[in-house]
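Here are some short exercises to work through with the structure open beside you. Try each task before you read its solution.

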Amino acid sequence: MENDDIKQTGKIREKLIESKQRWARDGRLLTGTHADPETDRLPPGQTLVADWPVLDLGIQPDVPERKFRLDLDGAVENRLSLALAEYMALPMSASLSDMHCVTQWSRYDNRWRGVSAQALLDAVKPDPLVRHIVFHAHDGYTTNVTLAQFDQPDVFLVHEWNGEPITRQHGGPVRMLIPRLYLWKSAKWVRRIEFVIRDRPGFWETRGYHNNADPWAEERYS
Ligand SMILES: Nc1nc2c(c(=O)[nH]1)N[C@H]1C(S)=C(S)[C@@H](COP(=O)(O)O)O[C@H]1N2
Ligand SMILES: [Mo]
């Protein structure tokens, strides 16, 4: 667990973690179909919701501005270690995208504001051998994506949702958002973004969930 003297509220929901592992073993919700993201906005087996559910391991770190720190490191030319004001000084842009959670809900038209993955790549300049990225969060959560999945125009570090600061429940002050993968790939309370040459599966990827996580291919479980 990362420990920067960050207050953690709640406790790890072991029962929920066990249930989610059982869903993976049972292949819960699998429809056995593929959809085309170009023509089918809603991925197979998903249900639209109007609210924004909260899902995490049960611990919600409280990251006040003075304790905020985001490191971007690993195999990069320029390592960064950002205070919140330094994050805020990076080039910001807006994005509109959908969210798809593997527990079945999808939510359309979320307005985000933050720093694009492409701006982050320009700033850190990954080594040409980098192929994967590992996200580490303040609650001990980790998740991994490929560089190709990260290097997309709709992938962002975000601090605003629909014009409001992202709440602590949803991973504020700053979280990841990778809208075309199941939402477990989008780390809340992100503490460190590590650029790596070899893949390193994260929390759910080592507990029965698919490494690639494409909702339209129903890549729910491994
Ligand atoms: N740090 C952290 N990030 C996390 C998680 C977590 O437990 N810890 N859960 C993931 C899962 S399984 C989901 S579905 C989404 C939920 O984000 P939300 O609570 O904002 O809807 O966060 C993802 N990111
Ligand atoms: Mo999830």
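**Exercise 1. A small hairpin**

Find the residue in E11 that is the bridge partner of Trp161.

Solution. This is a predicted model, so every value here is computed from it. Start at Trp161 and cross to E11: the partner you meet there is Glu164. Next, look at the strands themselves. E11 covers residues 164-165, and its pairing with E10 is antiparallel, with two bridges. Finally, check the turn: two residues lie between the strands of this hairpin, and Asn162 has a positive phi near 50°. For context, a negative phi is what most residues other than glycine have.

**Exercise 2. Following E10 to its other neighbours**

Work out which residues are the bridge partners of Leu157 in E10, starting from Val115 and ending in E12.

Solution. Begin with strand E7, residues 105-116, which runs antiparallel to E10, residues 156-161, with five bridges between them. Within this pairing, Val115 is matched with Leu157. Now move on to E12, residues 175-177: three bridges link this strand to E10, again in the antiparallel sense. Here Leu157 is matched with Met176. Leu157 therefore has Val115 as a partner on the E7 side and Met176 on the E12 side.

**Exercise 3. One more strand**

Identify the residue of E7 that stands opposite His100.

Solution. First locate E6, residues 93-100, which is joined to E7 by seven bridges and runs antiparallel to that strand. Then read across from His100, and you arrive at Ser106. The hairpin of E6 and E7 has four residues between its strands, and among the residues of this hairpin Gln104 takes a positive phi near 110°.

**Exercise 4. Backbone exceptions in loops**

Locate the cis peptide bond that involves Pro173, and place Lys125 in its loop.

Solution. Recall the background: most peptide bonds are trans. With that in mind, inspect Gly172 and Pro173, which are joined by a cis peptide bond with omega of about 10°. Pro173 belongs to the loop between E11 and E12. For the second part, go to the loop between helix H3 (117-124) and strand E8 (132-137), where Lys125 is found. The phi of Lys125 is positive, near 50°, although this residue is not a glycine.

**Exercise 5. The ligand site**

Describe the surroundings of ligand 1, beginning with the residues that are closest.

Solution. Count the shell: 21 residues surround the ligand, and the closest are Pro53, Asp139, His170, Arg175 and Lys188. Sort the shell by class, and you get 14 nonpolar, two polar and five charged residues. Now turn to the contacts with oxygen atoms of ligand 1. A side-chain N or O atom of Lys188 is 2.5 Å from one, a polar side-chain atom of His170 is 2.7 Å from one, and a backbone N or O atom of Leu55 is 2.8 Å from one. On its own, ligand 1 exposes 530 Å², of which the protein buries 99%. As a last step, look at the space that ligand 1 takes: this is the largest cavity.

Notes
Residues numbered from 1 in each chain as written. Chains lettered and ligands numbered in written order. Predicted model: local features only at pLDDT ≥ 70, side-chain atom pairs only at ≥ 80, totals over all residues. Heavy atoms only, no water. Near = heavy atom within 4 Å. Polar contact = N/O pair within 3.5 Å; in protein donor to acceptor, adjacent residues only side chain to side chain. Areas by Shrake-Rupley, 256 points an atom, 1.4 Å probe, with all protein chains shown as cover. 1 Å grid on protein atoms, 1.4 Å probe; cavity = no way out; pocket = protein on both sides within 12 Å on 5 of 7 lines; lining within 4 Å. Sits in = over half its atoms within 2 Å of the grid points. Nonpolar A, V, L, I, M, F, W, Y, C, P; charged D, E, K, R; others polar.
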